[in-house]
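Me: I'd like to go through this model with you, one question at a time. Keep it informal, and give me the cut-offs as we go.

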Amino acid sequence: MSEASHEADPIPGHAVTPTPAGEVLAALIDASLALSGQRMDHAWREGVLAHMSAIAAAAKLVLDFPLDDEIEQAPVYEAAP
Amino acid sequence: MIPAATTSPGAATDLATAHAGEVAEAVRTRRVPALAVTEACLVRIARHDGAINAFTDITAERARARAAALDAAIARGEDPGPLAGVPFAVKNLFDIAGLPTRAGSKINRERAPALRDGALVRRLEAAGAVLVGGLNMGEYAYDFTGENVHDGPCRNPRAPDHMSGGSSSGSGAAIAAGFVPLALGSDTNGSIRVPSALCGTFGLKPTFGRLSRAGSFPFVTSLDHLGPFARSVRDLALAYDVMQGGDADDPACTQRPAEPTLATLEEGIDGLRIAVAGGHFRRGGEAEVFAAVDQVARALGASDIVDVPEAARARAAAYVITAAEGAALHRERLLTRPQDFDPAVRDRLIAGSTIPAGWVIRAQRFRSWFRERMRALFTEVDVLLAPATPCRAPLIGQQTFTLDGVTLPVRPNIGVFTQPLSFIGLPIVAVPVFPDDGLPLGVQVIAPPWREDLALRVARRLERLGVASAPVAAL
């Protein structure tokens, strides 16, 4: 059962981001939390991993979509208001 | 219709459940004192909110003082404003002077009391409205259900064992229950539209940047919107118009001049190209939610279905941005006291804190792409229609639902139809539809950026036709 449903049609000819395996996400979580010093009780682990799986699935959809180099990030900074 | 003030219980109920426009007219013309309206609302709240749990703070003394001051001003011949005497309440992420801004959390209760009201609270009060309290919400707005482990669940006034929806749970419930005629909420991925739909109220999520966010506790600054709830479209327009205008205290607030909507509200829909959003917005929900959209479309004479390009990807991108920015905002609190969060929120935030930067940057770039595609779509269409939620209000505590044969967790998936659209800040009115004697459904009336007037005109048309309505719930 997915934590959240994310689906879209694949784009022909564009590189496909591999779906991270559970152990890869677990390793990412462990390393990131060690870096930040964030405490994660063992009892929370399954929930955190489930959420990360949903986030990774969402990110894959976005990463798999080709974008021209000229497309900038949406928020545009102004040096002065 | 508000009668002259009397001491009969029926009259008190009329005062409490009247529309904002009716209250303002009655108070301005001195047919009813503002204080009487305020007292009627406070009585109704005291009598019924125990079963609904819409309010977390009731600012009764302040409200009475404010109403009395209004009545005195009116007696002196002063103009009390277009919302004269209208009681309102705000989601408790809005600053209320003298109260810590709790934002649905336990942790924020320890904050110093706000020194002044949030910008929109001040603007409504400057127009004569009377703040009566702060409203329940999902912790830190990271919620679609209306459940809150610290303050208790907000219950759906239409069926109290069902969710109110969130995260502006108290806002939707307070309006549906007839506690106040106006409420304010916030919407990052659906948090005005979902409780509007599930509780059966009108709700407006304006264009991103239209209304000042100054004096409110944030969630995802890339996506946060603030907006009103009401039981009539006219009341939405009235409140929205009063709240518009730039704000030096909010760098994200537009400097566009205010664009009032009330004057054009009755212009109807002639000449408007209205279509139903297809693709993503026609699957992954109960059949009745699409039937509600179709009913609305038929009433408007709309028959075209227009595919919204890459809507599922838009939702995914909003999901990633939300997870990353929400986690970043709460970093210090997560490091020092993770045990004081709602566990459901905590685990999402911890996961969000590990997201690679490249994912978020990509999502923000995709946002530019999607914005341009929707700009092109809106050269062909003036208004789009879509469901607000994939189902009617689930039961409180329900963990999963089955949509299109797939069993999914409720919490992150209620926003499947709202999230792609707030992602690019489109103005949307959620209109309530009652297909039968059961719980309501909501339909999103979606307009191009800065065209709240079109969404409100369409919503008003639906209200006049009797297709959309927001009756006070029987409590």
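Me: Which residues touch the most other members of the largest nonpolar core?

Reply: Quick ground rules: this is a predicted model, where local features need pLDDT of at least 70, side-chain atom pairs count only at pLDDT 80 or more, and totals for chains, interfaces and linings use all residues. Residues are numbered from 1 along each chain as its sequence is written, chains are lettered from A and ligands numbered from 1 in the order in which they are written, and side-chain values use heavy atoms, with hydrogens and water left out. A nonpolar core here is a set of buried Ala, Val, Leu, Ile, Met, Phe, Trp, Tyr and Cys residues joined through side-chain atoms within 4.5 Å, where buried means under 20% relative accessible area, exposed over 50% and partly exposed in between (1.4 Å probe, protein chains only). Out of 167 residues in that core, the ones touching the most other members are Phe366(B), Leu384(B), Leu385(B) and Phe423(B).

Me: And which element gives this core its largest share?

Reply: Helices (H or I, at least four residues) and strands (E, at least two) are DSSP runs, numbered from the N terminus. The largest share is 10 residues, and they come from chain B's helix 10 (residues 311-329).

Me: How many residues are in the second, separate core?

Reply: Its members include Val194(B), Leu408(B), Ile414(B) and Leu439(B). The residue count for this separate core is 13.

Me: Is chain A compact or spread out, and what radius of gyration does it have?

Reply: Chain A has two helices and zero strands. The globule rule (2.2 Å times the number of residues to the power 0.38, with the radius taken over C-alpha atoms) gives 12 Å for 81 residues, and chain A is well over that, so it is more spread out than a compact globule. Its C-alpha atoms fill a box of roughly 45 × 40 × 20 Å along the principal axes, and buried residues make up 33% of the chain. The radius of gyration of chain A is 17 Å.

Me: How far apart in sequence are the parts that the pair of Phe290(B) and Phe417(B) ties together?

Reply: Rings of Phe, Tyr and Trp (its six-membered ring) pair if their centres lie within 6.5 Å; planes under 30 degrees apart count as stacked, over 60 as edge-to-face and the rest as tilted. This pair is edge-to-face, at 6.0 Å centre to centre with 70 degrees between the planes, and both residues are buried. Phe290(B) lies in helix 9 (residues 287-300) of chain B and Phe417(B) in the loop between helix 14 (410-413) and helix 15 (419-422), so the parts tied together are apart in sequence by 127 residues.

Me: Which residue lies over the face of Trp44(A)?

Reply: A charge sits over a ring if NZ of Lys or CZ of Arg is within 6 Å of the ring centre and within 35 degrees of the ring normal. For Trp44(A), the distance from the ring centre is 3.8 Å, and the partner is Arg346(B).

Me: Where is Asp404(B), and is this residue buried or exposed?

Reply: Asp404(B) has a positive phi of about 50 degrees although it is not a glycine. Most residues other than glycine have a negative phi. Asp404(B) is in the loop between strand 12 (400-403) and strand 13 (406-409) of chain B. With a relative accessible area of 52%, Asp404(B) is exposed.
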